[in-house]
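Okay, you should all be able to see my screen in a second. I'll walk through the fold from the outside in, and then pick out a few residues to click on.

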Amino acid sequence: MANFTTHAIGAGAAGLGCAAASIALLGTQNPAFAGACALAAFVGGLLPDIDHDEAIPIREVFGLIAAVVPA
């Protein structure tokens, strides 16, 4: 099974590919749509790491929640 770094690199490449495809193939003129495609692919690529008890994405999410909620 791949580690977090491999999933992050693959997800980033897939996200950029989806954004480029939405612009080139679909003729999308809205950069927000291309960004949403990239973000969805990136999050989807990191999902295999979430079910692990010591997963890096879970630690990052809880760290973000711990910083934002008290504010």
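So, burial: buried residues are 21% of the 71 residues in this protein. Keep in mind that this is a predicted model. The accessible surface comes to about 5100 Å², and carbon and sulfur atoms own 72% of that.

What about overall shape? A compact globule of 71 residues would have a radius of gyration near 11 Å, whereas this protein has 15 Å. If you put a box around the C-alpha atoms along the principal axes, you get roughly 40 × 35 × 15 Å.

On secondary structure, we have three helices and zero strands, and reading along the sequence the pattern is just α-α-α. And for contacts with a separation of 6 or more, 54% are between residues 24 or more positions apart.

Let's go helix by helix. α1 runs over residues 4-24, so to speak the opening act, with 21 residues. From its first C-alpha to its last it reaches 30 Å, close to the 30 Å expected at 1.5 Å a residue. Which residues of α1 are buried? They are H7, A8, A11, G15, A19 and S22. Those cover an arc of only 100° around the axis, which puts them on the same side of α1. Spin to the other side of α1 and you find I9, L16 and A24 exposed. And what do the buried residues of α1 pack against? That would be α2, residues 31-46.

Okay, α2. This helix has 16 residues and reaches 23 Å between its first and last C-alpha, close to the 22 Å expected at 1.5 Å a residue. Its buried set is A34, C37, A41, G45 and L46. Looking down the axis of α2, these buried residues fall within an arc of 160°, so they line one face of the helix. Over on the other side of α2, we have A32, L39 and A40 exposed. The cover over the buried residues of α2 includes α1 and α3.

Let me zoom in on two residues in α2. The first stop is G45, which lies in this helix. G45 has a relative accessible area of 19%, and that makes it buried, because the cut-off is under 20%. Setting aside neighbours within four places in sequence, G45 is in contact with H7 and A11. Both H7 and A11 are on the list of buried residues of α1. If you'd like a distance to check on screen, take G45 and G27: they are 18 residues apart along the chain, and their C-alpha atoms are separated by 25 Å.

Now A32, also in helix α2. Buried or exposed? A32 is at 53% relative accessibility, so it counts as exposed, the threshold being over 50%. Another pair to try is A32 and H52, which are 20 residues apart in sequence and 32 Å apart in space, C-alpha to C-alpha.

Moving along the chain, L47 sits in the loop between α2 and α3. L47 comes out partly exposed, at 49% relative accessibility. Its C-alpha is 8.6 Å from that of P57, with the two residues 10 apart along the chain.

That takes us to α3, residues 56-68. At 1.5 Å a residue, its 13 residues should span 18 Å, and the end C-alpha atoms are 18 Å apart, which agrees. How many of the 13 residues of α3 are buried? The number is one, so α3 lies largely in the open.

Last topic, the cysteines. Quick reminder: a disulfide is a covalent bond between the sulfur atoms of two cysteines. Searching the whole structure turns up zero disulfides. C18 is in none, and the nearest cysteine sulfur to it, in C37, is 6.4 Å away. Why no bond from C37? Its closest cysteine sulfur is the one in C18, and 6.4 Å is too far for a bond, since the sulfur atoms would have to be within 2.5 Å. On exposure, C18 is partly exposed, with a relative accessible area of 37%, while C37 is among the buried residues of α2.

That's my tour, happy to rotate anything you want to look at again.

Conventions. Residues numbered from 1 in each chain as written. Predicted model: local features only at pLDDT ≥ 70, side-chain atom pairs only at ≥ 80, totals over all residues. Heavy atoms only, no water. Helix = DSSP H or I, 4+ residues; strand = E, 2+ residues; numbered from the N terminus. Rg over C-alpha atoms; globule rule 2.2 N^0.38 Å. Buried < 20%, exposed > 50% of the residue type's maximum accessible area, 1.4 Å probe, protein only. Contact = heavy atoms within 4.5 Å. Areas by Shrake-Rupley, 256 points an atom, 1.4 Å probe, with all protein chains shown as cover. Expected span 1.5 Å × (residues − 1). Arc of directions from axis to C-beta.
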